[in-house]
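Here are my notes for your first look at this one. Keep the viewer open and follow the points in order.

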Amino acid sequence: MDGEIVIIDSDDEDQKPCSSTTIKKESPATVNTANGWGFLKRMSSKDILAKPEKKETPAKTAKKTTDTKSEKKSIDTKSKSTSNIIREDKVVKKRKFAQISEFDEVPTTSPAPAAGNVPTPAAIAPNTGVVSAEAIAPVELKSRIKDVLNTVFKHKDFKSKHQKQAVAAVAERKRDIFVSFPTGAGKSLVYQLPSLLYGGVSIVVSPLIALITDQVAACQKKGIGCESLNSKLTTAERQRIFEDLRSPQPKIKLLYLTPEGLATDYLQKMIKSLHERNLLAYIIVDEAHCVTHWGHDFRPDYLKLKSLRKLAPSIPWVALTATANAKAQEDIINQLELKKVNIFKSSTFRSNLFYDIIMKDLVQGSAEDHMLRFIRRCLRMDVEKKEKGKKAGEWIGSGIVYCRTRDECAQMAHSFNAAGMPALEYHAGLSTKIRDEVQEKWMKNTVPVIAATIAFGMGIDKPDVRFVIHWTCPSSLSAYYQESGRAGRDGKRSYCRVYYNKGDRNFCNFLVTRELNMLKGKKISDEAKAEQTQAIKAGFEAMLNFCEEPMCRHSAFGKYFGDTVVPCEKHCDTCLHPEEVRKTVDNYQALTSSRPFSNGKPKEKDDDEMYGGGKWGALKNEDGYSGYEDASDRIEREEREKIRNIVGAEFAKRRKAAGKPATSSSSDDKDRVTLVLRDGDWKVPGLTLEKREMMLNAFREALEANASVFTAFSSANEHVSAAAQLEKETFLVSKTPTTYNQKCAMKLHEIKKATKDMVKFEVAAKS
Ligand SMILES: Nc1ncnc2c1ncn2[C@@H]1O[C@H](COP(=O)(O)OP(=O)(O)OP(=O)(O)O)[C@@H](O)[C@H]1O
């Protein structure tokens, strides 16, 4: 890694870092200071911005655009330096027009205006070609930055010194930039603002369409030419965007793409063409942790991004994330081949967030009631408030309760409403229309509480989220950091809480084991698999430690993400009430017969109910992890044996009752199986007992896998009888062995699909 590295820890008054280090340098290093920011206000766009909510007729819009343009023109001519830049832009544009590539057929129709009817604020540079950074005097650049900040983003100032420094560094366009700021720190502005300073389009790679949709809508509301190309667009929409990009002066300033989309030939050609026409300003990789196996959300297509380097050399890159530890950061920089990289990293610590863990099994009364009381307090519903005319029972702000399944979301929302707390459910099982309605009601605080699966929240920027509750344990610490970080984006005190018990740990373990098993089947190198396996396990271990150890919660994040760690003192349960937390942990350990923490060392005995012998089993191994899978295999094998014995015993019992031997042949089966399953009227000649036993066992295994999504412990007998019932039902409606096989396969597919979708598969009770 060559180049300048600036590592900054938070030093804001209200953002006291967990770390004691304030500025750390690595060789070769210089420290960026952002002093002497001049302010030459060019104009305010206030007067020319239309009210965003108001719908306008096309004629009005056209007039307004013309007015804006002429107004802008007259203002531009007032500023000498600005007019110089525009002249330079024109020269560049002329030169580049000579290089039209196959992608750039001149459009036959003029491109339709970009979505959103807000006129482009004058501070945004027109797309007449990217001007080199050297062409703009430093004082002019600072002035432009301030102008765009105030008139386009409507912020009086930067959110923090770090945000200001990072924006300035990106705006210089001299180096690639890596930004690791905490959740809610304002990373979007770090790339969006500089992208508006130069003529040209910036490409933003982002992992999810939902995330992209929110970003695009927010930009369009500000009058920024912003679009995304994704599979959800209609042909007409896509065409409109392509035409705009092909035009000599595209209206689009920011183009959001998924990594998968970017891998297509057509988009690669488009990027090449933009570059050749001097219309490519930046390449931005948002949520850059997706590029590394060491991150919590690896996406293989992110690895292909570096191929853009060949298509568009010498374009500055910006990579941003909130969740990268040292290994992830290094890998991101290597994978994206960031050159002369400037690193901006501030502490993960967010002092306005209070973290705590509640052991579900140790609270007085029901954990649900405990949570409800907590929610009321967070939303200040218990207090009669005079301020802002608030009455008792009204709420201030909103919150999220993350649940593990769709059923749980529905159940939770139902219980809240029954208890007088307005709440809605949100999960993938609802239609897009309903999901949008739910989200809107929550965004407007019409309904304060949302009970959601983790599908909810990505990309949502709501300032007054007063609490984020995890009703079940997240499966990695970095995912938890990101999810809980949706609270308190306005900087006010907000609460992040996990309700935890051993069942949750087992459930999480199930999910992690499933993820690891899926990883085994992936077509990636063994080395990548090993790294990813290690990262998944490390994230899970760290999450378990977070829940089960009396430690400063903020320090836990700090440690995980490579900050220097000191206790937060008063922003988490452990620092505020160390004795109580220690006692709770001891009680939890005693209750679950797990490892006592009093001496701080693992007990020799493993927790056998955990795949892999629990985290302590895992820690006993030399590499910290290898025993994990061995123990997992062992437990699975033991489980399988146990079940086989139960099934065998059940069949033997029934055979005994029928007075028949255990072996089957086609001629004898009729009596035996009929008796085994206690049903008369058998009409499937050729179907053997072995075959039916096999199917019964397959049903049992599938049902058991489905149940394990919802409960850590379920009775094997229960699955055997449910499987027997399913098999019998299928058998009774089959006329040949072939139809029997087909019907069984269909039923099995149904159960497995339900498991995949995290839906409980119910076998209707039969007398
Ligand atoms: N200079 C600023 N002044 C005031 N508010 C700001 C400023 N910059 C950004 N914000 C606001 O801060 C909020 C968080 O910004 P943003 O969504 O970019 O955060 P983020 O760092 O990307 O967080 P996450 O990683 O959680 O997505 C937004 O509401 C944004 O409008």
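1. A definition before we start: two strands count as paired if DSSP finds at least two bridges between them. With that in hand, look at strand β14 and strand β15 (residues 494-500): 4 bridges join them, and they run parallel. One of the contacts to find here is I469, whose bridge partner in β15 is R497. Bear in mind throughout that this is a predicted model.

2. Stay with β14 (residues 465-470) for a moment. How many of its residues are buried? The count is 6 of 6, so to speak a mostly covered strand by the buried cut-off of under 20% relative accessible area. Besides β15, β14 also pairs with strand β11 (residues 398-402), through 5 bridges and again in parallel. On that side, Y402 has H470 in β14 as its bridge partner.

3. Now trace the chain from β14 to β15 by way of helix α15 (residues 477-484). Together, β14, α15 and β15 make a right-handed β-α-β unit.

4. Next, turn to the open sheet. It has 7 strands with parallel pairing, and the order is β5-β6-β4-β7-β8-β3-β9. At the edges sit β5 (226-229) and β9 (342-345), each of which pairs on one side only. From one strand to the next, the twist averages 20°.

5. Within that sheet, have a look at β4 (residues 201-205). Its partner on one side is β6 (residues 254-257), in the parallel sense over 4 bridges. To check the register, find I203 opposite L255 in β6, and S202 with L254 in β6 as its bridge partner. Strand β7 (residues 280-285) also pairs with β4 in the parallel sense, this time over 5 bridges. There, V201 stands opposite L280.

6. Is β4 covered or open? It is mostly covered, with 5 of its 5 residues buried. Both faces are covered, too: V201, I203 and V205 are buried on one side, and S202 and V204 are buried on the other. Also worth a look is helix α7 (residues 235-246), which lies across β4, β5 and β6 and runs at about 120° to β5.

7. On to the ligand. Which residues are closest to it? They are K159, K187, S188, D461 and R489, out of 15 residues that surround the ligand. For polar contacts, start with D461, where a polar side-chain atom lies 2.5 Å from an oxygen atom of the ligand. G184 uses its backbone instead: an N or O atom there lies 2.8 Å from a ligand oxygen atom. Then there is Q163, with an N or O atom of its side chain 2.9 Å from a nitrogen atom of the ligand.

8. Last, pick out Y355, which is in strand β10 (residues 353-359). Is Y355 buried or exposed? Its relative accessible area is 2%, so Y355 is buried. Leaving aside neighbours within four places in sequence, Y355 is in contact with a set of residues including Y480, S484, C496, F546, H554, F557 and D573. Two of the elements above turn up again here: Y480 and S484 belong to α15 (residues 477-484), and C496 belongs to β15 (residues 494-500). K570 is 215 residues away from Y355 along the chain, yet the C-alpha atoms of the two are separated by 9.9 Å.

Technical notes:
Residues numbered from 1 in each chain as written. Predicted model: local features only at pLDDT ≥ 70, side-chain atom pairs only at ≥ 80, totals over all residues. Heavy atoms only, no water. Axes fitted to C-alpha atoms, helices over the stretch in contact; angles between N-to-C directions. Contact = heavy atoms within 4.5 Å. Buried < 20%, exposed > 50% of the residue type's maximum accessible area, 1.4 Å probe, protein only. Right-handed = clockwise from strand over helix to strand, strands pointing away. Near = heavy atom within 4 Å. Polar contact = N/O pair within 3.5 Å; in protein donor to acceptor, adjacent residues only side chain to side chain.
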